[in-house]
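Thanks for coming, everyone. I have one structure to walk through today, so let's put it on the screen.

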Amino acid sequence: MGVGDYLSDLMGTGSGNHQHNTKNRKQLQTVELRVMMDCDGCVLKVKKTLSSLDGVESVEINRKQQKVTVTGYVEPNKVLKKAKSTGKKAEIWPYVPYNMVANPYTVQAYDKKAPPGYVRRVDNSATIGTVTAYEDPYTTMFSDENPNACSIM
């Protein structure tokens, strides 16, 4: 694509590639899915199916965690639908790092099936209390406001 094509596409009066215009409108995003895969054949089937989706740049699979990461100019719902078309149970990745949740050991967040360091994604309103900002525990540990700071040192 030359400078003239770029300027004509920018003005909206060119005969530029329509697919290129739609890629500019979609955001490059990463979609994480949890897909139940038992063997290497399942992994290959899921990878081949998701790679055939328009706009997909890369597909990474971690079979141990049952995690599929798709990067590209795609919509999460379309990726999920395509993953389900393989016949495997699939869902949007339900876990977040435990330090992103206000109360990671509540009944709603704790999941013993979660990978190490992860808890189930929960809505802030579902947790007990009204904590909206997540503070780093190491900075508050030695704070002057912490009454137990002397015992730590």
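**Around the tryptophan**

Start with K67. Its charge sits over the face of W93, 4.9 Å from the ring centre. Keep in mind that this is a predicted model.

Now the rings. There are 2 aromatic pairs in the structure. Take W93 and Y95. Their ring centres are 5.3 Å apart and their planes stand at 80°, so this pair is edge-to-face. Are these two residues buried or exposed? W93 is buried, at a relative accessible area of 2%. Y95 is buried too, at 3%.

The other pair joins W93 to Y118. That one is edge-to-face as well, with 6.4 Å from centre to centre and 90° between the planes. Where do the partners sit? W93 is in the loop between β4 and β5, and Y118 is in strand β6, so the pair ties together parts 25 residues apart in sequence. Y118 is partly exposed, with a relative accessible area of 26%. Put the ring pairs together and you get a cluster of W93, Y95 and Y118.

Next, the sheet. It is open and has 4 strands, in the order β2-β3-β1-β4, with antiparallel pairing. Which strands are at the edges? They are β2, residues 56-62, and β4, residues 90-92, and each pairs on one side only. On average, neighbouring strands are turned by 25° against each other, direction ignored.

Look at β2 with β3, residues 67-72. They pair in the antiparallel sense over 6 bridges. For one of the contacts in detail, find E60: its bridge partner in β3 is T69.

Now the helices. Helix α3, residues 40-51, packs on the sheet. It touches β1, β2 and β3, and its direction makes about 165° with that of β2. Helix α4, residues 76-84, lies across β1, β3 and β4. Against β1, α4 runs at about 30°.

Stay with α4. Which of its residues are buried? V79, L80 and A83 are. Those three cover an arc of only 100° around the axis, which puts them on the same side of α4. On the other side, N77 and K81 are exposed. And what do the buried residues of α4 pack against? The partners are β1, α3, β3 and β4.

To recap: a ring cluster of W93, Y95 and Y118, an open sheet of 4 strands, and α3 packed on that sheet. Happy to rotate the view for anyone.

Note on methods
Residues numbered from 1 in each chain as written. Predicted model: local features only at pLDDT ≥ 70, side-chain atom pairs only at ≥ 80, totals over all residues. Heavy atoms only, no water. Pairing = 2+ DSSP bridges. Helix = DSSP H or I, 4+ residues; strand = E, 2+ residues; numbered from the N terminus. Axes fitted to C-alpha atoms, helices over the stretch in contact; angles between N-to-C directions. Contact = heavy atoms within 4.5 Å. Buried < 20%, exposed > 50% of the residue type's maximum accessible area, 1.4 Å probe, protein only. Arc of directions from axis to C-beta. Phe/Tyr/Trp six-rings, centres within 6.5 Å; stacked < 30°, edge-to-face > 60°. Lys NZ or Arg CZ within 6 Å of the ring centre and 35° of its normal.
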